[in-house]
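Student: I have a new model on my screen and would love a guided look. Shall we go through it together?

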Amino acid sequence: MIGDKKVLFSGMQATGNLTLGNYLGALQNWVKLSDEYECFYSVVDLHSITVRQDPAELRKRARMLLTLYIAAGLDPEKNCIYYQSHVSGHAELAWILNCFTYMGELNRMTQFKDKAAKHADNINAGLFTYPVLMAADILLYQADVVPVGIDQMQHLEITRDIAQRFNGIYGDVFTIPEAYVGKSGAKIMSLQNPEKKMSKSDENPNASIYLMDDPDTIIRKFKRAVTDSMAQIVYSNEQPGVKNLLDIYCACTGKTPDEAVREFDGKGYGDLKLAVGESVVSVLRPLQERYADLSKDKAYIDGIIKENAEKANYYATKTLRKVQKKVGFPERIR
Ligand code: TYM
């Protein structure tokens, strides 16, 4: 707790172009929850270097992402929006937690297996211990809740396991976090292959809607979305392409799948694709406009970066000192 509020932590990587999946699975829920909780939203640049990055590009994308958090509707006066690399406590706690995490646990992580297969020439130790850094992010702020898409659930589970193990040895040091997964949008699939999640790193640009896509591009990509030959609009696992379109529609409009299916009763796939495309345009347009305005104001963004890093450091250090004392590191002499 901070004051009378529970704590929320979440983060996103500043690699590649953010997709509609990132927005509907995470960012949109962050905004919904932001009044209720004391929130920490991090641009997780330490995680990004587990795969090779161009330094100038990483710096540029990190700033874009931080600005986008604000453009999406997170008030930086109330929410702590900051770069992970500006708070050294993340790396320090990750080291300690590494010593409380088993190789066997990390070996089971499906994201590690996927990424190792994709980057076979660079299977580094950071990629392997990535979930431990994520646990450190969350536990450092004593987060109660962590809004994420379904693909991050396994990392949330291991975070809870590590926290429980540590608490079992040293007493109640860490709050045990809960994942928050939205009703719709928690797993947005590729528009070209609805068996696969929509991903920043997909090579086919028609597979993903990027947050900065213009309206014509969005409508065009939805028109090309892969469906099926069953010619019926129902919400079913048998029709993953149609289900994904309905999911996107529901996440953008706040409707339930039942309501959406009723609305498209008697209509064809062409109508569905157009309506979904328009619902996405109406969600992304205001975000893009705010982003364009905000990114012009360098001094304002710089101020937020500085102030919020100080705030994050304050809370991070509080937890870190407690943990360091528990494991037996010598006290600092002042
Ligand atoms: P990242 O950057 O891959 O994704 C950011 C958020 O977007 C969600 N997401 C999706 N949701 C629905 N459908 C999709 N197709 C889709 N693609 C991505 C993700 O679930 C995530 O919530 N390891 C994390 C970043 C991280 C983090 C943390 C998150 C680092 N430390 C601590 C929470 C708490 C990641 O790579 O997310």
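**The ligand and the chain around it**

Student: Which side chain has an N or O atom 3.1 Å from an oxygen atom of the ligand?
Tutor: This is a predicted model, with pLDDT of at least 70 needed for local features and 80 or more for side-chain atom pairs, while totals for chains, interfaces and linings use all residues. Residues count from 1 along each chain as its sequence is written, and side-chain values use heavy atoms, without hydrogens or water. For the ligand, a polar contact is a pair of N or O atoms within 3.5 Å. The partner at 3.1 Å is N22.

Student: Which side chain lies 2.6 Å from a ligand nitrogen?
Tutor: Look for an N or O atom in the side chain, 2.6 Å from that nitrogen. The residue is D137.

Student: How much of the ligand's accessible area does the protein cover?
Tutor: On its own, the ligand has 710 Å² of accessible area, by the Shrake-Rupley method with a 1.4 Å probe. The covered share is 96%.

Student: How many residues surround the ligand?
Tutor: A residue counts if one of its heavy atoms lies within 4 Å. Among the closest are Y130 and G149. The shell divides into 12 nonpolar, 10 polar (Gly among them) and 4 charged residues. The total is 26.

Student: What span should helix α12 have?
Tutor: Helices are DSSP runs (H or I, at least four residues). Helix α12 has 28 residues, 269-296, and the rule is 1.5 Å times one less than that number. Its end C-alpha atoms agree with the expected span, which is 40 Å.

Technical notes: Helices (H or I, at least four residues) and strands (E, at least two) are DSSP runs, numbered from the N terminus. A polar contact is a pair of N or O atoms within 3.5 Å; within protein, one must be able to donate a hydrogen and the other to accept it, and residues adjacent in sequence count only if both atoms are side-chain atoms.
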